[in-house]
Every structure is written in C-alpha cells, then in structure tokens.
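Please take the sequence and the three-dimensional structure below as the starting point for a guided reading. The paragraphs that follow begin with individual helix contacts and then turn to the fold and its interior.

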Amino acid sequence: MATQQEICKFNDLMETNDVFPKSLEALKNLIIRYETITLKEIQEIQEIQRKECIDETLKSILTGFGATDTCTVCKSTASDMDRARCEYCISNIKKGYFPSTGCSETPQLVKSFYSIAYANTPRKLYYAYNQRAIALREYLAEFGVTNF
Ligand SMILES: [Zn+2]
C-alpha cells in the first residue's frame with residue numbers, strides 16, 4: 001500500500017483524495033509486472049492465442065495495456081468501475097498531457113508508451129516492457145517514491 005509518508009509528499013501537488021493511493025499502488029504493481037514478465041511468458045501467450053504477431057489483444061492480456069477499461073492503473077481509479085477518474089490518478093500529476101496516448105503521459109513517458117504500442121515481436125515487446133519499467137520508476141522517483 002501507499003505509505004502515509006508517500007501520500008503526504010503528494011499533498012502539495014494535488015488535492016488529497018481516495019483515488020490517489022489506489023492508483024499509486026496499481027502503478028507500483030504494474031512496474032513490477034513489467035520488470036518480472038519473461039520473454040517465455042510473452043511467447044507462450046502468443047502461442048495460446050494462436051497469434052501470428054504481437055497485437056493489441058495480446059498486449060491487453062499481458063498487462064492490460066492499451067485502453068482505459070483494461071489498464072490496471074486506470075481501473076484502480078474507478079471505485080464503481082463506471083469511469084476512470086483520471087484527474088486524481090498518479091499518472092496525471094504532471095500535466096504534460098498527451099490525450100492521444102490514452103492515459104495522460106508526461107514527455108519522458110511517451111517514448112516508452114509507443115515502444116510498447118509499436119512492438120510487433122515478443123522480443124521487441126519484452127525490451128519495451130523493460131524500458132517502460134525504467135521510465136515509470138524514474139517518474140515515481142521524481143516524487144520520492146523508490147522503495148518498492
Ligand atoms: Zn491507464
């Protein structure tokens with residue numbers, strides 16, 4: 001869970017709310033997911049799904065990537081699951097807003113977002129996940145969140 005100390009750090013940046021700790025926790029879990037997913041797992045899902053190439057459906061199955069209703073961080077902000085409350089999400093603290101990427105993305109995160117979006121082989125996707133995890137850890141480190 002997000003610690004009280006972490007939550008306090010964000011009080012200056014945004015209105016305190018019940019959504020933020022959930023989205024922080026979801027983002028930490030997503031980073032760990034990106035860091036621990038294996039190339040073999042990507043290849044196995046591809047085989048199970050009988051896909052010729054890595055497509056959006058596979059990316060959604062693997063990590064929820066690609067849409068607000070599958071993204072684990074977006075979903076964590078919707079208490080009644082009717083809509084994501086992006087305005088309170090950890091991903092939305094810095095307002096480098098890029099609507100075309102679904103979640104608002106800060107400039108430093110956009111590159112890794114598109115690396116995943118454009119990855120068309122298991123190996124490229126595996127590498128993109130790795131880069132995404134690094135970029136997201138840097139994003140959280142800007143707010144002093146490093147202990148996970
Ligand atoms: Zn999201």
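In this predicted model, a good place to begin is the pair formed by helix α3, which covers residues 39–48, and helix α7, which covers residues 122–141: their axes lie 9 Å apart and the two pack at an angle of about 135°. Because angles under 35 degrees count as roughly parallel, those over 145 as roughly antiparallel and those from 65 to 115 as roughly perpendicular, with the rest called oblique, α3 is oblique to α7. The crossing of these two helices, α3 and α7, is right-handed. On the α3 side the contact is made by Leu39, Ile42, Gln43 and Gln46, while α7 contributes Pro122, Arg123, Leu125 and Tyr126. Sorted by class, the residues of this contact between α3 and α7 comprise five that are nonpolar, two that are polar and one that is charged.

Helix α3 also packs against α4, here at an angle of about 125° and with the axes 11 Å apart, which makes α3 oblique to α4. The crossing of α3 and α4 is right-handed. Where they meet, Ile42, Ile45 and Gln46 of α3 face Leu58, Ile61 and Leu62 of α4, and the residues of this contact are five nonpolar and one polar, with no charged residue among them. Ile42 and Gln46 thus appear in the contact of α3 with α7 and again in that of α3 with α4.

Stepping back to the whole protein, one finds seven helices and zero strands, so that the order of elements from the N terminus on reads α-α-α-α-α-α-α. Among contacts in the protein with a separation of 6 or more, 51% are between residues 24 or more positions apart.

What, then, lies in the interior? Of the 148 residues of the protein, 30% count as buried. The largest nonpolar core holds 29 residues, of which Leu27, Leu30, Val73, Ile116 and Leu125 touch the most other members. Two or more residues of this core come from each of α2 (19–36), α4 (56–63), α5 (72–76), α6 (107–118) and α7, and α2 gives the most, with eight residues. Leu125, one of the core residues just named, is also part of the contact that α7 makes with α3. Leu27, for its part, touches Val73, Ile90, Ser91 and Leu136 when residues up to four places away in sequence are not counted.

Key
Residues are numbered from 1 along each chain as its sequence is written. This is a predicted model: local features need pLDDT of at least 70, side-chain atom pairs count only at pLDDT 80 or more; totals for chains, interfaces and linings use all residues. Axes are lines fitted to C-alpha atoms, for helices over the stretch in contact, and angles run from 0 to 180 degrees between N-to-C directions. Helices (H or I, at least four residues) and strands (E, at least two) are DSSP runs, numbered from the N terminus. A crossing is left-handed if the near helix is turned anticlockwise from the far one by less than a right angle, and right-handed if clockwise. Two residues are in contact if their C-beta atoms, placed from the backbone, lie within 7 Å. Ala, Val, Leu, Ile, Met, Phe, Trp, Tyr, Cys and Pro count as nonpolar, Asp, Glu, Lys and Arg as charged, and the others, Gly among them, as polar. A residue is buried if 20 or more other C-beta atoms lie within 10 Å of its own, exposed if 12 or fewer, and partly exposed in between; C-beta atoms are placed from the backbone. A nonpolar core is a set of buried Ala, Val, Leu, Ile, Met, Phe, Trp, Tyr and Cys residues joined through C-beta atoms within 7 Å.
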